[in-house]
Number of protein chains: 2
Amino acid sequence: MTQHPERNEDPIKSALTGEDGIDFAIIELFFFAYRDFTSDPDQILGEYAFGRAHHRVLHFVNRRPGLTVAELLDVLRITKQSLARVLKQLIDTGHIVQVQGPRDRRQRELYPTAKGRGLALALAAPQSRRIAAALAEAAPGDRAAIERFLLGMVNPEQRAQIDDQTATGDDRRREAG
Amino acid sequence: MTQHPERNEDPIKSALTGEDGIDFAIIELFFFAYRDFTSDPDQILGEYAFGRAHHRVLHFVNRRPGLTVAELLDVLRITKQSLARVLKQLIDTGHIVQVQGPRDRRQRELYPTAKGRGLALALAAPQSRRIAAALAEAAPGDRAAIERFLLGMVNPEQRAQIDDQTATGDDRRREAG
DNA sequence: GAATTTATGTCAACAAGGCTGACATAAATT
DNA sequence: AATTTATGTCAGCCTTGTTGACATAAATTC
């Protein structure tokens with residue numbers, strides 16, 4: 001050693017690339033895509049003094065009307081207290097109502113009001129437009145491939161949380177038929 | 001009106017579906033996919049008392065060694081103070097070093113150390129494995145379709161932030177060739 | 001019927017990581 | 001010499017995540 005052994009504090013000047021055995025391409029695309037996807041509803045939320053936490057709650061209450069608090073906690077993977085704060089605000093502002101569970105009266109079924117439904121739709125609209133624009137450049141079969149990929153990214157044991165009502169136009173037939 | 005006009009607080013019992021003109025299928029898949037994708041590195045981060053903010057900084061410093069603080073702020077879309085906190089911790093723990101800019105001595109170029117590179121790779125590994133598993137179920141051309149879609153989801157004016165080094169194996173030719 | 005478990009709500013406290021605005025410094029630019 | 005720029009830092013605030021403890025009512029079990 002002419003001077004000293006390799007110091008750990010030395011700057012590394014080479015960039016990490018896909019050659020390092022890691023799929024940085026998709027890791028990074030996923031980050032940027034989600035960053036911009038979630039930024040869409042922010043302006044609307046700001047007008048209501050709501051945040052992304054409110055958006056997520058409102059979304060799932062609209063997608064699965066009548067779900068219980070426990071079910072919602074399981075979907076969002078947050079704690080009771082985190083949910084309680086935003087849920088209370090959504091109830092106080094008349095976006096969501098609680099209905100006593102018909103079978104089990106301890107449960108509170110959560111439903112959107114007309115106001116809550118309207119806001120959920122308004123928040124989803126720019127996200128849907130962004131997706132439509134991204135798909136417009138895609139080839140015919142691409143949508144199915146993208147849905148398969150995204151579902152494949154979800155933990156297998158949680159894929160059941162994603163219902164089939166999820167389907168849009170083209171592949172909704174199996175339910176209706 | 002037999003009883004009273006429609007009350008706004010009435011619970012809506014029908015679920016929002018794709019029929020409402022919104023692409024809820026992909027909106028929801030994207031949420032679940034990203035939720036689980038970002039949860040992968042959490043355990044490793046916990047061992048270092050780091051969070052996802054540290055991960056993002058470490059990632060981009062490794063991907064673009066020598067970038068300046070201003071450039072990093074632009075990529076992450078956060079404020080100087082938010083960055084300062086986590087960056088300071090990464091520097092104090094020897095994961096990142098600052099080098100005075102060669103042309104402009106006001107600038108601080110950010111580089112990973114060997115330690116920082118190692119951690120970046122360790123954090124990316126489980127994410128890369130998840131992606132590989134999702135792609136394993138896909139058809140041959142699907143990867144290109146997925147990359148196009150994700151890129152299409154990014155704001156057009158920010159697509160330049162995603163360099164082409166991003167490419168892995170199959171489509172890296174154009175640089176090397 | 002009494003005891004236990006379950007679903008939910010609520011209180012207090014804390015932490016991470018966003019934010020703003022103000023100000024300091026050194027270096028580059030005009 | 002004056003101004004602008006890149007960065008750092010201080011103080012403080014907000015949202016949204018966390019934990020633990022405790023209360024209530026309803027369902028379930030013994």
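# A guided tour of two protein copies and two DNA strands

Start with chains A and B together: chain B can be laid on chain A with an RMSD of 0.1 Å by a turn of 180° and a shift of 0.0 Å along the axis. The two copies are thus related as by a two-fold rotation axis. Keep in mind along the way that this is a predicted model.

**Stop 1: the axis and the interface.** Select B:Ile146. Its C-alpha lies 2.9 Å from the rotation axis, the closest approach of any residue of chain B. Now colour the interface in both chains. Of the interface residues of chain B, 99% are also interface residues in chain A, so the copies meet through the same surface.

**Stop 2: one chain by itself.** Hide everything but chain A, where you will find 8 helices and 3 strands. Trace the chain along its sequence and the pattern reads α-α-α-β-α-α-β-β-α-α-α. Chain A has 177 residues, and buried residues make up 48% of them. Among its contacts with a separation of 6 or more, 53% are between residues 24 or more positions apart.

**Stop 3: helix H1.** Bring chain B back and select residues 24-39, which form its helix H1. These 16 residues reach 23 Å from the first C-alpha to the last, close to the 22 Å expected at 1.5 Å a residue. Is H1(B) mostly covered or uncovered? It is mostly covered, with 15 of the 16 residues of H1(B) buried.

Next, pick A:Tyr34, which sits in helix H1 (residues 24-39) of chain A. Which residues of chain B does A:Tyr34 touch? Show B:Phe30, B:Phe31 and B:Tyr34, and you have them. A:Tyr34 is buried, because its relative accessible area is 14%, under the 20% cut-off.

**Stop 4: DNA strand D.** Show strand D with the 24 residues around it; A:Arg56, A:Ser82, A:Arg85, B:Lys80 and B:Arg106 come nearest. By class, this surface has 4 nonpolar, 9 polar and 11 charged residues. On the DNA side, 55% of the strand D atoms within 4 Å of the protein belong to sugar or phosphate, and the rest to bases.

Zoom in on three places where the protein approaches a phosphate oxygen of strand D:

- A:Arg56 has a polar side-chain atom 2.4 Å from a phosphate oxygen.
- A:Thr79 has a backbone N or O atom 2.6 Å from a phosphate oxygen.
- B:Gln98 has a side-chain N or O atom 2.6 Å from a phosphate oxygen.

Then colour the elements that give two or more residues to this surface: helix H3 (52-63) and helix H5 (80-92) of chain A, together with helix H4 (69-76) and helix H5 (80-92) of chain B. The largest share, 4 residues, comes from H3(A).

**Stop 5: DNA strand C.** Move over to strand C, which is surrounded by 24 residues, the closest being A:Gln98, A:Arg106, B:Arg56, B:Thr79 and B:Arg85. These residues divide into 4 nonpolar, 9 polar and 11 charged. Of the strand C atoms within 4 Å of the protein, 56% belong to sugar or phosphate and the rest to bases.

Which kind of oxygen of strand C does A:Arg106 approach? Select A:Arg106 and you will see a polar side-chain atom 2.4 Å from a base oxygen. For B:Arg56, a polar side-chain atom lies 2.2 Å from a phosphate oxygen, while a backbone N or O atom of B:Arg105 lies 3.2 Å from a phosphate oxygen.

Finish with H3(B), which gives the most to the surface near strand C, with 4 residues.

Conventions: Residues numbered from 1 in each chain as written. Chains lettered and ligands numbered in written order. Predicted model: local features only at pLDDT ≥ 70, side-chain atom pairs only at ≥ 80, totals over all residues. Heavy atoms only, no water. Least-squares fit on C-alpha atoms with pLDDT ≥ 70 in both. Contact = heavy atoms within 4.5 Å. Expected span 1.5 Å × (residues − 1). Buried < 20%, exposed > 50% of the residue type's maximum accessible area, 1.4 Å probe, protein only. Near = heavy atom within 4 Å. Polar contact = N/O pair within 3.5 Å; in protein donor to acceptor, adjacent residues only side chain to side chain. Nonpolar A, V, L, I, M, F, W, Y, C, P; charged D, E, K, R; others polar. Lists of a residue's contacts leave out its neighbours within four places in sequence.
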